[in-house]
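Trainee: Could you take me through this model and show me how each term used for it is justified?

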Amino acid sequence: MRRLMHAFGASGFALIVLLPYGQAVAAPAEIIGYAEVIDGSHLTIGRNRIVLFGIEAPAAPETCRGEAGTSYACGAAAARVLRQVIGDDEVTCEPQGAAATDRIIAVCRVGPIELNRMMVAQGWAAADRGASDAYVSAEATARQAHLGLWSGRFEVPVEWQPRSR
């Protein structure tokens with residue numbers, strides 16, 4: 001029963017999302033568990049592939065230019081920051097919907113820390129304005145302070161995302 005509560009939340013109810021070709025996928029009311037970080041905006045909890053809602057971070061192999069103009073692995077750096085914040089703690093994700101693939105779009109937290117907002121506020125992800133305006137002000141603050149990705153030059157993730165994923 002505990003596993004079911006982790007998969008479907010305390011209520012046990014699930015949102016059914018219809019995908020192309022008539023496939024139905026259950027999006028749990030809440031997903032709780034230990035996460036494996038894929039990159040700065042993707043993680044897995046058990047069999048659930050999760051995309052952090054409203055943000056775009058560089059993919060793991062992406063490189064950027066740092067302050068001094070030297071190339072660095074910014075995708076790996078973004079993933080490392082997310083991994084460090086999560087640590088060994090359980091992650092709680094609230095699905096906002098499902099992507100056209102088997103991924104769940106969610107707002108995720110570790111304790112009181114909202115991971116989506118933290119990644120943008122620390123400059124390791126950009127606000128995805130096509131999905132939401134929720135993180136635009138956090139991005140502006142990080143950009144102005146030259147935090148994370150904003151300390152150098154990079155292609156905004158939303159611009160290269162369709163080519164690289």
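Mentor: We will go through the core, some strands and one helix, keeping in mind that this is a predicted model.

Trainee: Which residues touch the most other members of the largest nonpolar core, and which helix gives the most to this core?

Mentor: The largest nonpolar core has 38 residues, of which L82 and M119 touch the most other members, and helix α2, residues 74-86, gives the most to this core, with seven residues.

Trainee: What makes L115 and M119 contacts of L82?

Mentor: Contact means heavy atoms within 4.5 Å, and once neighbours within four places in sequence are left aside, L82 is in contact with residues including V37, L52, L115 and M119.

Trainee: How do you know that β5 and β10 pair?

Mentor: Two strands pair if there are at least two bridges between them; β5 (residues 48-52) and β10 (residues 103-110) have four bridges, in the parallel sense, with I50 opposite I104. Strands β10 and β11 have two bridges, in the antiparallel sense, and they form a hairpin with two residues between them, where G111 in the turn has a positive phi of about 60°.

Trainee: Why are the buried residues of α4 said to be on the same side?

Mentor: The buried residues of α4 (residues 136-144) are A138, E139 and A142, and because they cover an arc of only 100° around the axis, they lie on the same side of α4. These buried residues pack against α3 and β12.

Trainee: What makes S137 exposed?

Mentor: Exposed means over 50% relative accessible area, and S137 is exposed, as are T141 and Q144, on the other side of α4.

Key: Residues numbered from 1 in each chain as written. Predicted model: local features only at pLDDT ≥ 70, side-chain atom pairs only at ≥ 80, totals over all residues. Heavy atoms only, no water. Core = buried A, V, L, I, M, F, W, Y, C linked by side-chain atoms within 4.5 Å. Buried < 20%, exposed > 50% of the residue type's maximum accessible area, 1.4 Å probe, protein only. Arc of directions from axis to C-beta.
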